[in-house]
Amino acid sequence: MVTECTYCGQDIYDHDPIFVAEFEHGTRVQDKQFCNYARLSAYIDEEDLTEGASCKVDF
Ligand SMILES: [Zn+2]
């Protein structure tokens, strides 16, 4: 089982871990994990994961 933070590579169980799952080919796939929400937030910012992605049509 992978326990390295997707963002910084540290052992997530040394911190306050959270897990991110995506939906691929009809299956829930856990493919990312982070030390904490701060690491997740930094990862999202660096990867521009919110760019063009929204569940709402207009703001
Ligand atoms: Zn980390």
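Start by selecting Lys-32: this residue is buried, because its relative accessible area is 14% and anything under 20% counts as buried. Before you go further, keep in mind that you are looking at a predicted model.

**Stop 1: the salt bridges around Lys-32**

Keep Lys-32 on screen and add Asp-31. The two side chains meet in a salt bridge, with 3.1 Å from N to O. How open is Asp-31 to the outside, buried or exposed or something in between? Asp-31 is partly exposed, since its relative accessible area is 33%.

Now bring in Glu-22 as well. Its side chain also meets that of Lys-32 in a salt bridge, this time at 3.6 Å from N to O. Glu-22 sits in strand 1 and Lys-32 in strand 2, so this pair ties together parts of the chain that are ten residues apart in sequence. Glu-22 is partly exposed, as its relative accessible area is 35%.

How many salt bridges does a search of the whole structure find? The search finds two. With Glu-22, Asp-31 and Lys-32 displayed together, go back to Asp-31 and Lys-32, whose side chains meet at 3.1 Å. Salt bridges with shared partners join Glu-22, Asp-31 and Lys-32 into one network.

**Stop 2: the two strands**

Switch to a cartoon view and select residues 18–24, then residues 27–34. The former are strand 1 and the latter strand 2, and they pair in the antiparallel sense over seven bridges.

Let's check who faces whom across the pair. Click on Val-20: it stands opposite Lys-32 in strand 2. Then click on Glu-22, which stands opposite Val-29 of strand 2. So you meet two names from the first stop again here: Lys-32 is the residue opposite Val-20, while the side chain of Glu-22 reaches Lys-32 in a salt bridge.

Phe-19 is another residue to pick in strand 1. It counts as partly exposed, because its relative accessibility is 39%. Draw a distance from its C-alpha atom to that of Lys-32: the two are 13 residues apart along the chain, and the separation is 6.1 Å.

Stay in strand 1 and choose Ala-21. This one is partly exposed too, given its 33% relative accessibility. For a second distance, go from Ala-21 to Arg-39, which is 18 residues further along or back in the chain; their C-alpha atoms are separated by 16 Å.

**Stop 3: the turn of the hairpin**

Where is His-25 found? Follow the backbone and you will see it in the loop between strand 1 and strand 2. The hairpin made by these strands has two residues between them, and His-25 takes a positive phi there, near 50 degrees. Such a positive value is flagged here in a residue other than glycine. Turn on the surface and His-25 should be easy to pick out: it counts as exposed, because its relative accessibility is 83% and the exposed class begins over 50%.

**Stop 4: the segment before strand 1**

Select Gly-9, in the segment that comes before strand 1. With 38% relative accessibility, Gly-9 counts as partly exposed. Now add Gln-33 and draw a line between the two C-alpha atoms. In sequence the pair is 24 residues apart, and in space the distance is 9.8 Å.

**Stop 5: the end of helix 1 and a charged patch**

Move on to helix 1, which covers residues 37–47, and step into the segment after it to find Asp-48. Its phi is near 55 degrees, again a positive value in a residue other than glycine. Asp-48 is partly exposed, because its relative accessible area is 49%.

Which residues form the negative surface patch? Select Asp-45, Glu-46, Glu-47, Asp-48 and Glu-51, and you have it. Colour the surface by charge to bring the patch out, and find Asp-48 within it.

**Last look**

To finish, show three things together: the network of Glu-22, Asp-31 and Lys-32, His-25 in the loop between the strands, and the negative patch that includes Asp-48.

Definitions and conventions:
Residues are numbered from 1 along each chain as its sequence is written. This is a predicted model: local features need pLDDT of at least 70, side-chain atom pairs count only at pLDDT 80 or more; totals for chains, interfaces and linings use all residues. Side-chain values use heavy atoms; hydrogens and water are left out. Patches are made of residues with over 30% relative accessible area and no salt bridge: like charges are joined within 9 Å, nonpolar side chains (Val, Leu, Ile, Met, Phe, Trp, Tyr) within 5 Å. Accessible areas come from the Shrake-Rupley method with a 1.4 Å probe; for residues, only the protein chains shown count as cover. A salt bridge is a side-chain nitrogen of Lys or Arg within 4 Å of a carboxyl oxygen of Asp or Glu. Lys and Arg count as positive and Asp and Glu as negative; His and the chain ends are not counted. The place of a charge is taken as NZ of Lys, CZ of Arg, CG of Asp or CD of Glu. Helices (H or I, at least four residues) and strands (E, at least two) are DSSP runs, numbered from the N terminus. Two strands pair if DSSP finds at least two bridges between them. Buried means under 20% relative accessible area, exposed over 50%, partly exposed in between (1.4 Å probe, protein chains only).
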